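Visitor: I am new to this structure and would like a close look at a single part of it. Please take one strand and the residues around it, and then follow the connections outward from there.

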Amino acid sequence: QVQLVESGGGLVQPGGSLSLSCVAPGSIFSIGVMGWYRQAPGKERELVAYITSGGSTILADSVKGRFTLSRDNANNTVTLQMNSLKSEDTAVYYCRWATRRDWYLGQGYWGQGTQVTVSS
């Protein structure tokens, strides 16, 4: 079992910023793909961004230009920096890790989720 530890959610006003971090076990961090998904009430879970072991990053169109994703191999951490937040970014955000093969098969491991609320 792979345990992913998420942190950084909270309440922020529209236009504000938040940073989400996810820590994976050091034994597997460097060999896998890591990313963030989100699920708003009444909606399906959707991909926000992911980063490969080589550092290639993919962002959903809805967050391009506002969010960035980075990985810190020394600390086994990926960080989602969210700027210019909108009310529609409100959701529970989940971290996911998988091997490259399993990532594209929809498999892997999930964090427990962290709430992000954008509201005035």
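**Strand β5 and the pairings around it**

Guide: By the distance rule for opposite charges, the count comes to five salt bridges. The model shown here is a predicted one, and every value below is computed from it. Before turning to the strand, it helps to stay a moment with these charged pairs.

Side chains of opposite charge can pair when their charged atoms come close. One such pair is R38 with D89, whose side chains meet in a salt bridge with 2.9 Å from N to O. This pair links distant parts of the chain, since R38 stands in strand β4 (residues 32-39) while D89 stands in the loop between β8 (77-82) and β9, 51 residues apart. R38 has a relative accessibility of 5% and therefore counts as buried, and D89 is buried too, with a relative accessible area of 1%.

D89 also takes part in a salt bridge with R66, where the closest N and O atoms are 2.7 Å apart. R66 lies in the loop between β6 (57-59) and β7 (67-72), and D89 in the loop between β8 and β9, so this pair ties together parts that are 23 residues apart in sequence. Like D89, R66 is buried. Taken together, R38, E46, R66 and D89 are linked in a network of salt bridges. A contrasting case is the salt bridge of K64 with D61, with the closest N and O atoms 3.1 Å apart, for both K64 and D61 are exposed.

Now to the strand itself, which is best approached through Y50, a residue placed in strand β5. At 11% relative accessibility, Y50 falls under the 20% limit and so counts as buried. If neighbours within four places in sequence are left aside, Y50 is in contact with V33, M34, G35, S56, T57, I58, L69, W103 and Y104. Another residue to set beside Y50 is W97, which is 47 residues away in sequence and 9.4 Å away in space, C-alpha to C-alpha.

Among the contacts of Y50, W103 deserves a longer look. A pair of aromatic rings is described by the distance of the centres and the angle of the planes. The structure holds six aromatic pairs, and Y50 with W103 is a tilted one, with 5.3 Å from centre to centre and 45 degrees between the planes. Y50 lies in strand β5 (residues 46-51) and W103 in helix α2 (residues 100-104), so the pair ties together parts that are 53 residues apart in sequence. Both of these residues, Y50 and W103, are buried.

The rings reach further than this one pair, because ring pairs, counted when their centres lie within 6.5 Å, link Y37, Y50, Y94, W103, Y104 and W110 into a cluster. W103 also has a charge placed over its ring: the charged end of R96 sits there, 4.0 Å from the ring centre. A similar arrangement involves R71, whose charged end sits over the ring of F29, 4.4 Å from its centre.

R71 leads back to the region just after the strand, as R71 is among the residues in contact with T52. T52 is found in the loop between β5 and β6 and is buried, with a relative accessible area of 7%. Apart from neighbours within four places in sequence, T52 is in contact with G32, V33, R71 and R100. V33 appears among the contacts of Y50 as well.

One further connection is covalent in kind, and a search of the whole structure finds one disulfide. This disulfide joins C22 to C95, with 2.0 Å from S to S. The torsion about the S-S bond is about -85 degrees, so the disulfide is left-handed. C22 lies in strand β3 (residues 18-23) and C95 in strand β9 (residues 91-99), so the pair ties together parts that are 73 residues apart in sequence. C22 is buried, with a relative accessible area of 0%, and C95 likewise counts as buried at 0% relative accessibility.

Notes
Residues numbered from 1 in each chain as written. Predicted model: local features only at pLDDT ≥ 70, side-chain atom pairs only at ≥ 80, totals over all residues. Heavy atoms only, no water. Phe/Tyr/Trp six-rings, centres within 6.5 Å; stacked < 30°, edge-to-face > 60°. Helix = DSSP H or I, 4+ residues; strand = E, 2+ residues; numbered from the N terminus. Buried < 20%, exposed > 50% of the residue type's maximum accessible area, 1.4 Å probe, protein only. Lys NZ or Arg CZ within 6 Å of the ring centre and 35° of its normal. Disulfide = S-S within 2.5 Å. Salt bridge = Lys/Arg side-chain N within 4 Å of Asp/Glu carboxyl O. Contact = heavy atoms within 4.5 Å.
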